[in-house]
Amino acid sequence: MEQARRILKDVFGFDGFRHNQAEVIETLINGGDALILMPTGGGKSLCYQIPALVREGVGIVVSPLIALMQDQVDALRQLGISAAFLNSSLDARSRRQVEQDLLDGELSLLYVAPERLLMPQMLSILDRVEVALFAIDEAHCVSQWGHDFRKDYQQLSVLHERYPRVPRIALTATADMRTRREIVDQLDLHRAGQFVSSFDRPNIRYSIGEAVNAKSQLWHFLEREHPDDAGIIYCLSRKRVDEVANWLCDKGRTALPYHAGLSQEERRLHQERFLREDGLVIVATIAFGMGIDKPDVRFVAHLNLPKSVEAYYQETGRAGRDGEPADAWMLYGLQDLITLRQFVLDTDAEEQFKRIAHQKLESLLGLCDLTGCRRQALLAYFGETRQEPCGNCDNCLRPPQTWDASEYARMALSCVYRTGQGFGVNYVIDVLRGKADERIRRNGHDRISTFGIGGEQSVAQWRSLFRQLISRGYIDIDPGGYGALRLSGTCRPLLRGETGLQLRKHKPREKQTKKPAKQPPIQTRNPGLFDALRNLRTEIAREQGVPPYIIFHDRTLHEMAERQPENPEQMRGISGVGEQKLKRYGSRFLDLLRSHSLGEASTPSLLY
Ligand code: ADP
Ligand code: ZN
């Protein structure tokens, strides 16, 4: 561990470990396996990079994110670490070169796409080299029920069978309990240490509203909160993506579309510009984002609902990886629900798959209807309890209007009970509304006390109520019973009248009279100096052909502007400045800082 700490400081330039990085690293150094659940931006990569450097041999990192490999390898090389990748984007010659380097023991880290790793030829190369560890990134891809399922991932258990003594680490940022169990089973990680960090992303502010006039709502949001920030806007269809991107350009923003209808070259170019330019907006279908590691995305806006809470959390998680304030802002409308329901019904998947997809959608709707803290609910969905409301979501900042639904909720719950907890929501609503059809009569449910007691509520109102009862956990869906509703243990106090139930009132938001507090800006006492540092960074990034954040993160520049180091020793104390970067760029940044403190008003482009 001594060595691990030294690497953390000297190579990466960081003073201490975060979350449970230290325990994970120790486990791997000692040859154990580990399963890591950590939110985006939590610092997963260090968990395998450092042990790979400490242990003998090469660390093999399996990742489905081909687009990201180049970035990761560039970042490692900037730190002076010998790294390479193997995927379908390489031509035969470069591939052979990497394989030779691997055989010669020249590499500390190798990123590989799963389909390549599993090729017999690749495995036979691995037989001949010393492997420090296997890291399986985006491990939730083994889950058939998840949204990123990859068939190749399920075969990764071969690693354990073929190399039983090489430690393995599986990592993911999206995992509910079911996915976690699947990872353990599929990858045979039963004996692995499980390291679960809080999934909270405290710097992200969540807001969800109903779409009334989506474009103008979006425009107000952008103008008010992010007039010149980089961000991602998600839409469901290509047509909508193009329309919104064009419209934003007309309004004077730099916005680029990204969807499967564009040529590969156009997509590559748009992604590249997003990474390398400041303040650019990408309008995308969900096809965009996997493999985007840009740390300074300041907002993620959804103009349509994603498919599940997991997808929502993953997509919004692309905001604020650097830990600075960021927004997750979403609008949804009735049409969304219809479209998504259709998606769920149209897949020719098995019944079980459909049912799970349906449940996932319902949970997402529950999040939308919520009157309480969004963050508490999100965390609860991932099995985490948070005692206090967060104070940094729309519901905390502007509590929504509610209505007392206690009486109707009791009717609904009683009706589920009296019909024997074996029927789906449509049936129960028919009974409540007193629809005496053939089936209800045959079951004798036209003679129970809840028959027809809710006739004055519309089907839509009942559906909304049921949705909220399900999303709050008062009602479960019977997993074996074709969507049959069951009472859960928690509904008793409500049924007995010991507690009440307040539900969100849905109505178009009135024009906001009071502006919600804008997120505090990233702190800089010295904005002029920060800009100068940023310009220097851009210049170096261009010379090196990498995105600016690979040179230094904003946070590192902010710290330089604050503390204004005067010599290499002080520069070493800035977070994110390791030995290699100090050697490469230290003097240029120190010169700039020095000239600035001398009061010279020169710009860096004049200096160099
Ligand atoms: P993840 O893969 O979990 O999304 P990363 O590994 O990309 O996260 O790390 C996110 C950011 O946090 C990176 O900029 C990384 O350099 C930084 N980071 C990771 N660990 C530490 C640490 N111990 N101290 C300071 N910064 C860290
Ligand atoms: Zn909150």
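Here are some worked exercises on the structure above.

This is a predicted model, in which local features need pLDDT of at least 70, side-chain atom pairs count only at pLDDT 80 or more, and totals for chains, interfaces and linings use all residues. Residues are numbered from 1 along each chain as its sequence is written, chains are lettered from A and ligands numbered from 1 in the order in which they are written, and side-chain values use heavy atoms, with hydrogens and water left out.

**Exercise 1. The zinc site**

Task: Find which residues coordinate the zinc ion (ligand 2), and work out why the arrangement has the geometry it has.

Solution:

Step 1. Start with the donors, meaning N, O and S atoms within 2.8 Å of the metal (3.2 Å for Na, K and Ca); water is not among the atoms, so sites may look incomplete. The zinc ion (ligand 2) has the SG atoms of Cys373, Cys390, Cys393 and Cys396 at 2.3 to 2.4 Å.

Step 2. Next, check the angles. Four donors count as tetrahedral if all angles lie between 85 and 135 degrees. Around the zinc ion (ligand 2) the four donor atoms subtend 100 to 119°, so the arrangement is tetrahedral. For reference, the ideal angle for four tetrahedral donors is 109.5 degrees.

Step 3. Now read the donors along the chain: their spacing is C-x16-C-x2-C-x2-C. Cys373 sits in the loop between α16 (351–369) and α17 (374–381), and Cys390 in the loop between α17 and α18 (394–397), so this pair ties together parts that are 17 residues apart in sequence. Helices here are DSSP runs (H or I, at least four residues), as are strands (E, at least two), numbered from the N terminus.

Step 4. Finally, look at accessibility. Buried means under 20% relative accessible area, exposed over 50%, and partly exposed in between (1.4 Å probe, protein chains only). Cys373, at 7%, counts as buried, and Cys390, at 17%, counts as buried too.

**Exercise 2. Three helix pairs**

Task: Describe how α16 meets α17, how α5 meets α7 and how α2 meets α3.

Solution:

Step 1. Two packed helices are described by the angle between their axes and the distance between the axes. Axes are lines fitted to C-alpha atoms, for helices over the stretch in contact, and angles run from 0 to 180 degrees between N-to-C directions. Angles under 35 degrees count as roughly parallel, over 145 as roughly antiparallel, 65 to 115 as roughly perpendicular and the rest as oblique. A crossing is right-handed if the near helix is turned clockwise from the far one by less than a right angle, and left-handed if anticlockwise. Contact means heavy atoms within 4.5 Å.

Step 2. Take α16 and α17, whose axes come within 10 Å and cross at roughly 160°. The two are therefore roughly antiparallel, and the crossing is right-handed. Here Lys360, Ser363, Leu367 and Cys368 of α16 meet Arg374, Ala377, Leu378 and Tyr381 of α17.

Step 3. For α5 (residues 92–103) and α7 (residues 120–127), the axes come within 9 Å and cross at roughly 25°. That makes α5 roughly parallel to α7. Their crossing is right-handed, with Glu99, Leu102 and Leu103 in α5 meeting Gln121, Met122, Ile125 and Leu126 in α7.

Step 4. For α2 (residues 21–29) and α3 (residues 44–54), the axes come within 9 Å and cross at roughly 40°. That makes α2 oblique to α3, again with a right-handed crossing.

**Exercise 3. A residue in α2**

Task: Decide whether Ile25 is buried or exposed, and list which residues it touches.

Solution:

Step 1. Ile25 is found in helix α2, and at 0% relative accessibility Ile25 counts as buried.

Step 2. Leaving out residues up to four places away in sequence, Ile25 touches Met1, Ala4, Phe17, Leu46, Cys47, Ile50 and Pro51.

Step 3. Ile25 and Pro51 are 26 residues apart along the chain, yet their C-alpha atoms are separated by 5.8 Å.

**Exercise 4. A covered helix and positive phi**

Task: Say how many residues of α26 (residues 554–563) are buried, and where Glu138 and Asp188 lie.

Solution:

Step 1. Seven of the ten residues of α26 are buried, so the helix is mostly covered. Among them are Leu557, His558 and Met560. The buried residues pack against α24 (527–544), α27 (568–572) and α28 (579–597).

Step 2. Gln564 follows α26 and has a positive phi, near 40°.

Step 3. Glu138, not a glycine, has a positive phi of about 55°. Glu138 is in the loop between β5 (131–136) and α8 (151–154) and, at 16% relative accessibility, counts as buried.

Step 4. Asp188, also not a glycine, has a positive phi of about 50°. Asp188 lies in the loop between α10 (177–186) and β7 (193–196) and, at 33%, counts as partly exposed.

Note on methods. Four donors count as tetrahedral if all angles lie between 85 and 135 degrees; four count as square planar and six as octahedral if opposite donors are over 155 degrees apart and all others between 65 and 115; anything else is irregular.
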